[in-house]
Amino acid sequence: MMDKKLLDILVCPVSKASLHYHRETDELFCSASGLAYPIRDGIPVMLETEARKLTEAERDALKKQVRP
């Protein structure tokens, strides 16, 4: 589980956009950069080299989730 206070202050190091916690994969998703950052032992790994690219399906789902 991601700490809400920590999530509020973290941003994507690539796009500087806000992040969204994805519980099923225990990752932080960034819709702007299309990257997913892993959380290891409860600590977000905010390195571009450790991130993976989101799939099209993940990006589409994130767009629907973020839409007001």
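Start with the whole protein chain in cartoon view and follow the elements from the N terminus: they run α-β-β-β-β-β-α. That gives two helices and five strands, where helices (H or I, at least four residues) and strands (E, at least two) are DSSP runs numbered from the N terminus. What you have open is a predicted model, in which local features need pLDDT of at least 70 and side-chain atom pairs count only at pLDDT 80 or more, while totals for chains, interfaces and linings use all residues. Residues are numbered from 1 along each chain as its sequence is written, and side-chain values use heavy atoms, with hydrogens and water left out.

**Zoom out**

Keep everything selected for a moment. The C-alpha atoms fill a box of roughly 30 × 25 × 25 Å along the principal axes. The radius of gyration of the protein chain is 11 Å, which agrees with the value near 11 Å for a compact globule of 68 residues; the radius is taken over C-alpha atoms, and the globule rule is 2.2 Å times the number of residues to the power 0.38.

Now switch on a surface. About 4800 Å² is exposed, with carbon and sulfur atoms supplying 54% of it (Shrake-Rupley method, 1.4 Å probe). Of the 68 residues, 32% are buried, meaning under 20% relative accessible area, with only protein chains counted.

**Select F29**

Next, pick F29 in strand β2, residues 27-30. Is F29 buried or exposed? With a relative accessible area of 3%, F29 is buried. Show what surrounds F29: leaving aside neighbours within four places in sequence, its contacts include S18, L19, H20 and H22, as well as L35, A36, R52, L54, E58 and L62. Contact here means heavy atoms within 4.5 Å. For a distance to draw, try F29 to T55: these residues are 26 apart along the chain, and their C-alpha atoms are separated by 11 Å.

**Step across to E58**

From that contact list, move to E58, which sits in helix α2, residues 56-66. E58 counts as buried because its relative accessibility is 18%. Which residues does E58 touch, not counting those up to four places away in sequence? They are F29, R52 and K53.

Finally, display the side chains of E58 and R52, which are joined by a polar contact of 2.8 Å. A polar contact is a pair of N or O atoms within 3.5 Å; within protein, one must be able to donate a hydrogen and the other to accept it, and residues adjacent in sequence count only if both atoms are side-chain atoms. R52 is also among the contacts of F29.

Methods
Buried < 20%, exposed > 50% of the residue type's maximum accessible area, 1.4 Å probe, protein only.
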